[in-house]
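The following paragraphs lead through one structure, beginning with a single residue and widening to the contact between two chains. Please keep the sequence and the model in view while reading.

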Amino acid sequence: MNINMTLFGQMVTFAFFVWFCMKIVWPAFNRILEERKNKIAEGLDAADRAMRDLELAQGKATDALKGAKQEAAALIEQANKRANQIVEEAKEKARTEGERLKASAQAEIEQEVNRAREELRTKVATLAIAGAEKILEASIDENANRELVDKLAAQL
Amino acid sequence: MASESLTTTDYIQHHLQNLVYGRHPDGTWGFALSPQEAADMGFWAIHVDSMGWSIGLGLVFCWLFHKAAKKATSGVPGAFQNFIEFVIEFVNNTVKDSFHGRSQLVGPLALTIFVWVFLMNLMDLLPVDLIPYSAQLFGQYVLGMDPHEVYFKIVPTTDINVTAGLALGVFVLMIYYGFKIKGVGYVREFVFHPFNHWIFIPVNLFMEVVGLLARPFSLALRLFGNMFAGEMIFILIATMYSAGLLLGIFGGFLQMGWAIFHILIITLQAFIFMVLTVVYLSMSHQDH
């Protein structure tokens, strides 16, 4: 093992390789690694932003859903109320109609009764007179008895 | 095994000798054909195999990372880009943990050291004879050389010149940044630290200089020592293959076990070299 010129040859070679590495290799990789670091940082940032946006949107969606539910409930309640009202109204109408019908029927009946009574009254008068004519067979003056029979008929 | 006539000692020595090109004592230049010739060359010689492999692996590192950098996008990365980014982020995190100044250099420096040293260490996991023996065959049949004179080591970090070259580079940077950041204060650290009194100046100077020099030495020797020892054990295990079938099979298992363990060591050593470099440079950047 003797020291000789190899030593200095080696130093020169060493210097050259270090120079090459410093000028060509190192800056290129430094730049690339820096770029990638920035890219990743940006990506993470974007992801954070997206996450926040998502949370916001979810909040909004929940709110909208709640609002819609409330609205729907209000609508249903209103509809129920309205339905009840309609039913009540219909009942009321039916009742009044029924009463009206009943009243008119009663009036008709009364009318009918009155007419029948009137008819009966006239017929009774005639019948009575005819009966009396037959009973008496005689020539009883119709006019003389008329007043009497009419008085009788009026009592019916 | 190069040949049957080789003794175990020869085999090991052969494996520990680099391919050396340099100036012979008589003034001519050429390859060393024996360890003795290599030693005689002294300083004016170069380890062709260490240099070749380290430069080649350094180019592999540059090519891989350059390719990844060219195709890299900040979008979803592919498998290859993912792997490269993983390495870079790993290094970057380590640097951020230990280095608190601001510097354009420390990150790339740490990355280069980690990957390059790892790749150089990785050569240790190749079977010890595979490439050296191929080189011998190449030398014998293509270049017409005596195979015993062809030396080829493929693990650059088992060469003290390589690790020392790296450590010395780090050392130069330490000194440079020390003066650049702290100016005269850097010298004051050597003189008035740890004992802040003029009487202690020589003591301080001695301690601090020793402390400073210990850093590159420890860097170089730690990596070299670990890799050299690991390589040595691989070579010793490989000598068992020529010692009969039973021992050969046993050696096979041993080699596998050691190689698996060595995966940890080579990564750890590359990591330690990187971390210590970062820490030393951090010390140069910080004021007390």
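Leaving aside residues up to four places away in sequence, B:Met120 touches B:Ser54, B:Leu57, B:Val155, B:Pro156 and B:Thr157; two residues are in contact if their C-beta atoms, placed from the backbone, lie within 7 Å. The model is predicted: local features need pLDDT of at least 70, side-chain atom pairs count only at pLDDT 80 or more, and totals for chains, interfaces and linings use all residues. Residues are numbered from 1 along each chain as its sequence is written, while chains are lettered from A and ligands numbered from 1 in the order in which they are written.

B:Met120 lies in helix H5 of chain B. Helices (H or I, at least four residues) and strands (E, at least two) are DSSP runs, numbered from the N terminus. Is B:Met120 buried or exposed? B:Met120 counts as buried because it has 30 C-beta neighbours inside 10 Å. The term buried requires 20 or more other C-beta atoms within 10 Å of a residue's own; 12 or fewer make a residue exposed, and values in between partly exposed, with C-beta atoms placed from the backbone. One of the contacts named above, B:Thr157, is 37 residues from B:Met120 in sequence, yet their C-alpha atoms are 6.2 Å apart.

A second buried position is found in helix H6 (residues 130-141) of chain B, which holds B:Gln136. B:Gln136 has 22 C-beta neighbours inside 10 Å and therefore counts as buried. Its C-alpha atom is separated by 5.2 Å from that of B:Pro147, eleven residues away along the chain.

These two residues belong to a chain of 288 residues, of which 35% are buried. Chain B has ten helices and three strands, arranged along the sequence in the pattern α-β-β-α-β-α-α-α-α-α-α-α-α. Its C-alpha atoms fill a box of roughly 65 × 55 × 40 Å along the principal axes. Of the contacts in chain B between residues at least 6 apart in sequence, 66% join residues at least 24 apart.

The strands come next. In chain B, three strands form an open sheet with the order E2-E1-E3 and antiparallel pairing; two strands pair if DSSP finds at least two bridges between them. E2 and E3 of chain B are the edge strands, each pairing on one side only. From one strand to the next, the twist averages 15 degrees. H3(B) packs on this sheet, touching E1 and E3 of chain B, and its direction makes about 50 degrees with that of E3(B). Angles run from 0 to 180 degrees between N-to-C directions, and axes are lines fitted to C-alpha atoms, for helices over the stretch in contact.

Strand E1 (residues 20-23) of chain B is joined by three bridges to strand E3 (residues 45-47) of chain B, and B:Tyr21 has B:Ile46 as its bridge partner in E3(B). Three bridges also pair E1(B) with strand E2 (residues 29-31) of chain B. Here B:Tyr21 stands opposite B:Phe31, and B:Arg23 has B:Trp29 as its bridge partner. The hairpin of E1(B) and E2(B) has five residues between the strands, and B:Gly27 in this hairpin takes a positive phi near 100 degrees.

The last topic is the meeting of the two chains. How many residues does the contact take from each chain? Chain B gives 38 residues and chain A gives 28. On the side of chain B that touches chain A, two or more residues come from each of E3, helix H3 (48-71), helix H4 (79-98), helix H5 (106-122) and H7 of chain B. H3(B) gives the most, with ten residues. By class, this side of chain B divides into 23 nonpolar, 13 polar and two charged residues. Ala, Val, Leu, Ile, Met, Phe, Trp, Tyr, Cys and Pro count as nonpolar, Asp, Glu, Lys and Arg as charged, and the others, Gly among them, as polar.

Two packed helices are described by the angle between their axes and the distance between the axes. Helix H1 (residues 6-136) of chain A and helix H7 (residues 160-182) of chain B pack at about 50 degrees, with axes 8 Å apart. H1(A) and H7(B) are therefore oblique to each other, since angles under 35 degrees count as roughly parallel, over 145 as roughly antiparallel, 65 to 115 as roughly perpendicular and the rest as oblique. Their crossing is right-handed: the near helix is turned clockwise from the far one by less than a right angle, whereas an anticlockwise turn would be left-handed.
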